[in-house]
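Work through the exercises below with the sequence and the 3D structure open. Each one sets a task and then gives a solution in steps.

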Amino acid sequence: MAGFLQILAAGITVGAIYALIALGFSVIYNTSDIINFAQGEFVMIGGMAAVVLHGSAHLPLAVAVLAAVAIAVVVGLAVERLAIEPVRHAKITTLIIVTIGVSITIRGAVEVVLGKNFYRLPSFSGDRSLDILGAQVTPQAFWVLGSLMAVMAALAWFFNLTRLGKAMRAVSENRLAAELMGIDVKAMLRLSFALSAFLGALAGVLTAPITLTKYDVGIMLGLKGFAAAIIGGLGTATGAVAGGLLLGVTEALAAGYVSSAYKDAVAFVMILIVLLLAPGGLLGRRRAQRV
Amino acid sequence: MRRRLGRAFDSGAAGLVLLILALALLPLGLANNYAYDIAIRIGLNAVVAVGLNLLIGYAGQISLGHAAFFAIGAYASAILTARYAVPEPAALLAGALMAGLLAWAVARPILRLSGHYLAMATLGLGIIVSIVLNREVALTGGPDGITVPVLRLFGVALHGQAIWYWIVAATLVIVVWLSLNLMRSAFGRGLRALADSEIAAQTSALDTARMKARIFVLSAVIAAVAGSLFAHAEGYVTPDEAGFLRSVELVTMVVMGGMASTFGPVLGATLLTLLPQLLAGFEDWHDLLFGVILVSTMIFLPRGIVPSLRERLRPTPEAEL
Amino acid sequence: MILATENLAKSFGGVAALEPFSFTLAGGITAIIGPNGAGKTTLFNLLSGLYAPSGGRIRYRGEDITDLPVAERARRGMQRTFQNLQIFFGMSAIENVMVGASRHLRLGLLPALLDWPTIRRDTRHAREAAEHLMRRVGLDAYLNARADAMPYGALKRLEIARALAAEPDLLLLDEPAAGLNPSETQEIDRLIRAIAEGGTAVLLVEHDMRLVMAISERIIVLDQGRPIADGPPASIRAHSEVIRAYLGEAAP
């Protein structure tokens, strides 16, 4: 039983990371119908920047973490301005390839500066595990889960109770109407990238102490976060979180009880199943086409 | 006379002749085995890219997992010839068949999707294949890959890069010819139509689901054939050939060189295969440069290099080369 | 009897867009009119196969086509144009029309790849026929043009040419005169008459009352998903319910 709970705990922790990344995807997708394949790189920047700021520049961990997230937000805004805005109205294929290109560029830049080594970020509150019903849970796991819950609350407040948040929601419901009502759609797009980068980088700094970080961690994390978003239903916050947790737990269970070699395949098998049976995802929205 | 020349250009015949000439004369400039290696690599990438272009450029779909089909062909050839002494041509056919069957099995359900969902589904498929190739160590040699014996045809060992150069060149010419033919036909027009408006294409009595599936299978088979040739020419295959990054590279070749243009992908394959060579000594910079080139091309030349150039030179083209 | 529907109905999530609707069409030019939301485009989408009905059957030339997909109906000679242009913008104008003839062409992949002589012949014929059609609808000026370089009025006619390339028995025209100026509308008038004279049954949805009254032999009026009148133009003009439906009040 302890073994099962251990696996469950690990799965929920990873799942929370996926959920944060998936939320990032959803925010941008909701505002603009764009899937940002570079989302994973925001995660990577968060972790790597924190390592550099803390390890090389010797900033206190808390400062390094916050600064890393801020750096990612700046990068997100730069990406939106330089790479997304020029092609905002292009075909989907073009957009997909542009964001893939952005992801490769960011990864390449980090590779040039920091090489291909693994880097470690210290855990936020040390490494002494707590014993929960027989499962060993690290303090970092609590940070992850706590952050997810804080983020969910903050997003709920933001989107439901602030003017800016409601404006973003308006854009996602009906762009034309929002524009006609005087909402600056371009600014909303910029904001969505900033917010998405924030969420991604947050995931990055939270997970770096657990899984180590490297110039190319963004690829798999981004893809899995995207998988989580699709599984739960692209475009809804609850879907992103549900998808993330479901993916994390399924992955952990599969690795623990079926085969650890195929752990990475779980996300993609689940994607295929969801896409082929219910493309809208478990909780997602459907968009129709008018003739 | 001018109209007939123009017609020849439009039908791609001129381009094909130029390609044959270029391929025939190229060896004069290849100084050593290494140069041949690169030329072969370019040729194989071009073969895959021309096939992939049928799906992406003409039919308007997308596949972020095509490297998987290339790898299936490569591994089929490698395993069957190395372990089971299957004759090489049979192994190549087997690889093509396997890739074709996989593509056929997933084509209809996957191609019902579009846009991001299709991208993700093909990506998922590609990654699953790549993971399987990595993990099934007993079958595939795992991450270390598998060595491929020298190709023997009628008892004669086909050694040396020169022979492979000609085999690959011939394959490229054939695939380009097939592609030009296809695009000139009613089926080809139908593909381009369904890329623009699937609904109107159906209203024009086109069975779009079946056409998409067939072109998906065709492009998969072409990739597998290239993979088989690669296995023998290179002598070695690893699971990296199936990876997501390889799939992205292939899509980039198509998109950058020019979608909806048979020669565009050839150009794209050439440029992108040469890129690492130009950066010898600066391997770390490859990804960064590749990414910048990719983004810039999509922003400034969204239709790719060849169509954008063509637009400058001839303002009213008809059937695309 | 070219077309017959039996209690054809469509609801979207509990809202009835079309109440069970039965009618038959023998030929000639029939117009379907009605205020917005009356169910006209829904009817067209049901007939051409874009929507699956919530109930009822459709018979086309005696055959029950209710469960047939769009392409199959097109293969049997039913063609349509679209309210929101569905032109193949990546192709030239003439190629658009050539695609329209697809139901007569051989579409095997292998022959196409190998450039068999039959394929080449098909293309040659298709091009000649397309050229002929473009001239017929008055698009001579655009024979060498790209679809994305043509003005709106020409594109509307291009869509019709594309539909005609299939030599349809039944042509569904969805607002052919929408967005056209009076002289362009006159051309459409002439064109539709010529098409009907050629033996093709025409069913059109249209808001331009002058055009409708001028060319239709029969007018069906829909309002809120059900028919409220069905007859020749003269009888519709004076029909009180029709007037009420459009103006929302009793006729003066």
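**Exercise 1. A strand and its two faces**

Which residues of β8(C) are buried on one side, and which on the other?

Solution. The model is predicted, and a residue counts as buried if 20 or more other C-beta atoms lie within 10 Å of its own.

Step 1. Take one face of β8(C): A201(C), L203(C) and V205(C) are buried there. On the other face, V202(C) and L204(C) are buried too, and both faces are covered.

Step 2. Count over the strand. Strand β8 of chain C covers residues 201-205, and 5 of the 5 are buried, so the strand is largely enclosed by the rest of the structure.

Step 3. Look for the strands that pair with β8(C). Strand β3 (residues 29-33) of chain C runs parallel to β8(C) and is joined to it by 4 bridges. In this pairing T30(C) stands opposite L203(C).

Step 4. Strand β7 (residues 170-174) of chain C also pairs with β8(C) in the parallel sense, over 5 bridges. Here D174(C) has V205(C) as its bridge partner.

**Exercise 2. An open sheet in chain C**

Give the order of the strands in the open sheet that contains β1 of chain C, and find its edges.

Solution.

Step 1. The sheet has 4 strands in the order β2-β1-β4-β5 (chain C), with antiparallel pairing.

Step 2. The edge strands are β2 (15-25) and β5 (63-64) of chain C, since each pairs on one side only.

Step 3. Inspect one pairing in detail. Strand β1 (residues 3-12) and strand β4 (residues 55-60) of chain C run antiparallel and are joined by 5 bridges. One residue pair to locate is E6(C) with its bridge partner R57(C) in β4(C).

**Exercise 3. The domains of chain C**

Describe how chain C is divided and what the contact between its domains is made of.

Solution.

Step 1. Domain 1 takes in 1-77 + 168-252, and domain 2 takes in 92-165. Their C-alpha centres lie 27 Å apart.

Step 2. The contact involves 11 residues of domain 1 of chain C and 9 residues of domain 2 of chain C.

Step 3. On the domain 1 side, the elements that give two or more residues are α2 and α7 (182-197) of chain C. Of these, α7(C) gives the most, with 4 residues.

Step 4. Sort the domain 1 side by class: 7 residues are nonpolar, 1 is polar and 3 are charged.

**Exercise 4. Where chain C touches chain B**

How many residues does the contact take from chain C and from chain B?

Solution.

Step 1. Chain C supplies 37 residues and chain B supplies 28 residues.

Step 2. On the chain C side, α2 (70-75), β6 (78-80), α3 (93-100), α4 (109-114) and α5 (117-136) each supply at least two residues.

Step 3. By class, this side of chain C has 19 nonpolar, 9 polar and 9 charged residues.

Step 4. Check the confidence before relying on the detail. The model scores ipTM 0.90 and pTM 0.90. Chain C has a mean pLDDT of 89, with 95% of its residues at 70 or more.

**Exercise 5. One residue of chain B**

Is A201(B) buried or exposed?

Solution.

Step 1. Locate A201(B) in helix α10 (residues 198-203) of chain B.

Step 2. A201(B) has 27 C-beta neighbours inside 10 Å and therefore counts as buried.

Step 3. List its contacts, leaving aside neighbours within four places in sequence: G190(B), A193(B), L194(B), L206(B) and T208(B).

Step 4. For scale, Y84(B) is 117 residues from A201(B) in sequence and 47 Å from it in space, C-alpha to C-alpha.

**Exercise 6. Chains A and B as wholes**

Describe the make-up and dimensions of chain A, then of chain B.

Solution.

Step 1. Chain A has 11 helices and 2 strands, in the pattern α-α-α-α-β-β-α-α-α-α-α-α-α along the sequence. Its radius of gyration is 19 Å, close to the 19 Å that the globule rule gives for 291 residues, so chain A is as compact as a globular protein of that length.

Step 2. The C-alpha trace of chain A spans about 55 × 45 × 35 Å along its principal axes, and 52% of its 291 residues count as buried.

Step 3. Chain B has 15 helices and 4 strands. Its radius of gyration of 19 Å agrees with the value near 20 Å for a compact globule of 321 residues.

Step 4. The C-alpha atoms of chain B fill a box of roughly 55 × 45 × 45 Å along the principal axes, and 58% of the 321 residues are buried.

Note on methods:
Residues numbered from 1 in each chain as written. Chains lettered and ligands numbered in written order. Predicted model: local features only at pLDDT ≥ 70, side-chain atom pairs only at ≥ 80, totals over all residues. Rg over C-alpha atoms; globule rule 2.2 N^0.38 Å. Buried ≥ 20, exposed ≤ 12 C-beta atoms within 10 Å, placed from the backbone. Contact = placed C-beta atoms within 7 Å. Nonpolar A, V, L, I, M, F, W, Y, C, P; charged D, E, K, R; others polar. Pairing = 2+ DSSP bridges. Domains from an automatic or database assignment. pLDDT = per-residue confidence, 0-100.
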